[in-house]
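Let's take a walk through this protein together, with an eye on surface patches, charge pairs and a few buried side chains. Have your viewer ready.

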Amino acid sequence: QAPASLEKVILYLMQNAERKCTEAKAKADSSASADDADQGVEDLDQSSTPQSILLSTMSTDPSKTQRDSALLLPSLKFLWETYRAVLDILRSNSKLEHLYHTAAISALSFCRIYKRRTEFRRLCDMLRLHLGNLQKYGHVSADGDGKQSNKVRGWEGWTNESIELHLETRFAQLETASVLHLYTEGFRTVEDIYNILAISHTRRKALNAPPPKAKLMAAYYEKLTTLFWVSENYLFHGFAWYKYYTLCKEFNRAMSPETQKLQASAVLLAALCIPSMDSSRHGIHSTTEDAIAKEKMARMATLLGFHTRNPTRDALLAEIRSKNILGIVPDYLKELYVLLEDHSDPLVMVAKAKPLLEALQQEVGATTGNESEDVQDNTLGRYVKPLTSVLLLKLLLNLSSAYHTVSMDHLNKLTSGLGVTFEDVEKTIVLATQTKAISVRIDHRAGCLRFGNAALESDVMRSQLTVLAKNLSQVCRIIEPPNLEEAAAARIKLYKDVRENLEAEHAAVLKRKNTIEHRKEETERLAQEKERTEAERKSKAEAERKAEEENRRVVEQRTRETEKRKKIQREMERLEKEKYLTAIGRDTKQMTEDEIAKIDTDKLAKEHADKANKKKEEAERKAREVAKRLDYIVRAIRIEELPKVQRKYEDMIKQDRERYAAEVLEKAKQAKVQWEADVKEKSQLEEHSVFMFINEFEKRAMVGRKLKHKEACREADKVAELKAEQAKLDRARKRKEDAIKKQKEEEAKRKAEEEARKEEEERKRKEEERRKKQEEEEKRKQAELARMQEQERRERERQESKAPPSGRSLESASRPGGRYVPPNRRTRDGGGGGGGGGGGSTISGSIDGLLARSTVTGRSSGSALTQVSGGLNQAAAGGQSASNALTSGIGGFNAAGAGSQSGANAATLGG
């Protein structure tokens with residue numbers, strides 16, 4: 001939110017950390033070498049390793065080592081942590097991007113000055129990670145409208161300025177890698193630069209953005225020349241020089257002819273320093289390592305932006321010739337080029353090259369603007385040593401093409417003009433042999449060099465037996481020439497036999513062909529039939545397996561659902577029991593699952609309710625006792641404090657009277673003193689005749705005051721008129737606002753009423769739907785009850801038709817005034833005479849009443865209905881006792897209809 005403030009804070013922090021580190025370095029330098037102090041610890045993040053402790057005990061001056069560690073290392077560590085924290089904070093902040101790159105360059109300078117190689121590697125990894133995140137999540141949308149589709153907070157997208165800042169930072173990183181001789185990090189930095197250039201290329205396609213400045217690219221290739229020179233990679237050093245020279249010549253219009261001549265000379269010398277490889281090698285020499293090295297060179301050429309994927313010495317020299325760079329360089333360099341490329345006389349090669357190399361050794365003038373502390377030699381004279389190696393290799397190649405054996409003394413005589421020792425020559429021979437540029441053996445016993453043919457190690461060695469056989473056959477033909485007449489007769493006889501057997505052979509071949517075709521067709525048919533049968537069998541087995549799997553899945557699903565429902569029900573019962581047990585004060589954690597399952601929930605609920613009631617009654621009793629006790633205490637306090645309150649009141653009245661009398665006396669004294677002072681002042685004024693002029697003074701003062709009063713009245717009238725006008729406008733504005741507010745309130749009220757009306761209609765509609773559902777449920781229950789009644793009646797009739805009449809029924813039938821009615825006619829006829837008929841009508845009416853009341857009961861009334869029905873069946877079979885059984889059943893059922901557990905028990909007793 002305040003980038004300027006954050007920038008000031010970060011700059012202040014870095015400047016003070018750098019100043020502290022510089023002061024610590026100066027203190028350490030005053031007592032010992034700063035290099036020793038710097039290199040005492042390789043890693044600032046792990047300064048106290050076991051190895052460092054052991055090495056410190058082996059120091060010649062332990063006190064010096066301790067002093068250096070105490071002075072310099074804490075400052076170095078703090079400065080490194082500062083750089084790392086600042087870079088991590090500003091890694092994606094576009095507003096502070098300049099500060100981010102300033103901190104990165106300062107951190108690189110810190111690594112370069114204090115030779116911190118481990119920290120440099122970590123810094124490179126950190127910068128590479130930041131670049132990767134920006135490249136991955138901070139890209140430009142592909143539709144080309146310039147909108148950012150990034151996911152990095154604070155990053156506003158890639159711009160030309162940000163790309164140039166990243167390139168400048170990577171150039172400084174590349175230079176630091178060359179100074180610290182960390183060539184692996186240098187090559188990784190080259191990959192980072194390639195990725196940044198790829199981002200620039202993508203922006204040019206999407207947004208038509210300009211490419212990076214030629215000055216930046218020229219500085220890039222200038223840094224590459226130093227990196228490849230230090231790493232002794234002369235091939236890419238030459239290509240980097242060529243790209244640098246091309247950019248400077250194309251975009252630097254103000255380049256002087258001397259500078260151009262110097263740079264062209266550097267390009268030519270860099271190309272000539274590349275070791276020449278024999279391109280006529282056979283395929284046996286091309287190994288996997290060569291292919292891998294070639295692929296790496298092609299990848300590096302692509303990363304560096306060279307014009308070819310196969311960078312070679314010949315390709316670079318061809319480009320130099322096509323650009324006419326040879327026409328710019330001095331004459332002695334042209335002669336050196338001709339000597340190394342076109343001359344093939346090994347006896348005079350060194351003699352001709354010696355004055356040219358001496359002239360090159362005397363050359364002065366920096367070829368680049370690089371001021372690196374570790375690469376001081378930027379003149380053309382630095383190319384003398386690699387050119388000497390190339391010249392020595394060229395000499396050996398020319399000797400191998402002209403001689404099979406060369407004595408070492410003769411070779412020393414030829415190389416004496418180069419100023420190299422025989423050990424250097426021997427090293428050059430070994431390296432050339434390893435790279436397969438030349439085939440030579442050093443025979444120290446004979447004191448000579450034996451050159452071989454590279455072809456002996458390739459195709460000829462593989463075909464030597466074939467060549468021997470051919471040569472032996474040729475020798476045999478020369479020793480014993482063949483008889484031409486016998487050979488001609490044998491040939492004629494062979495041709496005659498062929499013509500005679502031609503038809504038969506042709507017919508046999510056709511027959512064999514047909515037989516083979518038939519066998520192939522039969523084999524294919526059998527294979528197809530077998531495949532079809534196998535496919536049918538597999539499909540049938542697969543279908544059966546799928547059906548079994550589906551059935552098994554359905555059964556398992558049902559089983560799981562059943563188990564799940566049972567488990568949920570058991571869990572709910574357990575939770576309810578635990579709740580009651582916890583409420584009544586029992587510890588459920590000490591109880592097992594079986595003990596909880598054996599407990600009755602109803603008993604727990606009843607016990608919990610009893611305890612709650614007892615607790616409530618006990619609390620009420622205690623509250624009554626506390627209130628009664630408090631009442632007694634307050635009453636006693638009031639009785640005891642009454643005399644003390646009266647005494648305190650009398651004392652207070654007495655004190656008020658005394659204070660009042662003292663105040664009256666004091667006021668009288670003050671009034672008398674004031675009167676005496678006033679009389680004295682009046683006498684003094686009368687002596688000076690002041691009262692004679694008071695009236696005149698008052699008149700004059702009143703005239704001025706009246707004028708001021710009139711003026712003030714006029715101003716007040718104007719202000720009042722303005723206020724009245726403003727008040728009128730305010731009232732009009734307020735009326736308008738009130739009207740608008742009232743209109744809005746009416747609109748809101750209307751909307752609220754409309755919403756309330758809609759809600760009321762919705763509520764009524766839902767209420768109507770609920771009522772209809774209840775009516776339908778009621779009808780369904782009535783139908784179900786009617787069905788149950790009909791089913792019960794039929795069952796009862798079936799039982800009565802099967803059961804024989806009891807003795808009690810026969811007795812009642814034989815009594816006077818009564819007549820026996822068979823069971824199958826009692827319900828259908830509506831009863832009989834006497835007590836039997838009355839009993840039947842009573843049973844029917846009681847069942848109807850019971851069924852009507854059972855619609856409002858739950859599970860208890862259902863059980864009661866079952867028990868009553870059983871009792872009615874027994875009563876129907878029992879004759880006279882039916883009325884009593886029915887009466888008891890109705891009572892039990894009514895109690896069950898009220899919904900209590902005791903009603904269910906009563907219904908059971910009634911049954």
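Tyrosine 403 counts as partly exposed, because its relative accessibility is 33%. In this predicted model, tyrosine 403 lies in the loop between helix H17 (384-402) and strand S1 (405-407). Together with Leu347 and Val348, Tyr403 makes a nonpolar surface patch of about 230 Å². A residue needs over 30% relative accessible area to enter a patch, and tyrosine 403 has 33%.

There is also a charged patch to look at. Which residues form the negative surface patch? They are Glu573, Glu576, Asp600 and Asp602. Of these, glutamate 573 sits in helix H22, which covers residues 484-583. With a relative accessible area of 39%, glutamate 573 is partly exposed.

**The overall picture**

Stepping back, here is the protein as a whole. It has 911 residues, and 28% of them count as buried. Its secondary structure comprises 31 helices and three strands. The accessible surface amounts to about 61,700 Å², and carbon and sulfur atoms account for 54% of that. As for how the chain meets itself, consider the contacts between residues at least 6 apart in sequence: 69% of these join residues at least 24 apart.

**Salt bridges along the helices**

How many salt bridges does the protein have? The count comes to 45. Three of the pairs are set out here, each with its N to O distance.

| Salt bridge | Closest N and O atoms |
|---|---|
| Glutamate 534 and arginine 537 | 2.2 Å |
| Glutamate 760 and arginine 763 | 2.2 Å |
| Glutamate 784 and arginine 787 | 2.2 Å |

Why can glutamate 534 and arginine 537 be described as about one helical turn apart? It is because they are three residues apart in helix H22. Helix H22 is also the place of glutamate 573 from the negative patch. Glutamate 534 is partly exposed, with a relative accessibility of 32%.

Helix H25 (residues 694-802) holds glutamate 760 and arginine 763, which are three residues apart and therefore separated by about one helical turn. Both side chains are partly exposed: glutamate 760 has a relative accessible area of 32%, and arginine 763 comes to 45%.

Further along helix H25, glutamate 784 and arginine 787 are likewise three residues apart, so about one helical turn lies between them. Glutamate 784 counts as partly exposed at 31% relative accessibility, as does arginine 787 at 44%.

**A network with a buried member**

Some salt bridges join up into a network, and this one is worth displaying in your viewer. Asp125, Arg128, Glu185, Arg188 and Asp192 are linked in this way. Is aspartate 192 buried or exposed? Aspartate 192 is buried, because its relative accessible area is 3%, and the limit for buried is under 20%. Its place is in helix H9, made of residues 183-207. Leaving aside residues up to four places away in sequence, aspartate 192 touches Arg128, Leu131, Arg170 and Gln173. Among these contacts is Arg128, which belongs to the salt-bridge network too.

**Two more buried residues**

Glutamate 164 is found in helix H8, which runs over residues 160-179. Since its relative accessibility is 18%, glutamate 164 counts as buried. Which residues does glutamate 164 touch, not counting residues up to four places away in sequence? The answer is Lys213 and Leu216.

Alanine 17 belongs to helix H1 (residues 3-31). At 2% relative accessibility, alanine 17 is buried. With residues up to four places away in sequence set aside, the contacts of alanine 17 are Phe78, Leu79 and Thr82. Another pairing to inspect is alanine 17 with leucine 76: they are 59 residues apart in sequence, while their C-alpha atoms are 8.9 Å apart in space.

Key. Residues numbered from 1 in each chain as written. Predicted model: local features only at pLDDT ≥ 70, side-chain atom pairs only at ≥ 80, totals over all residues. Heavy atoms only, no water. Patch = residues over 30% accessible without salt bridge, like charges linked within 9 Å, V, L, I, M, F, W, Y side chains within 5 Å. Areas by Shrake-Rupley, 256 points an atom, 1.4 Å probe, with all protein chains shown as cover. Salt bridge = Lys/Arg side-chain N within 4 Å of Asp/Glu carboxyl O. Lys, Arg positive; Asp, Glu negative; His and termini not counted. Charge placed at Lys NZ, Arg CZ, Asp CG, Glu CD. Helix = DSSP H or I, 4+ residues; strand = E, 2+ residues; numbered from the N terminus. Buried < 20%, exposed > 50% of the residue type's maximum accessible area, 1.4 Å probe, protein only. Contact = heavy atoms within 4.5 Å.
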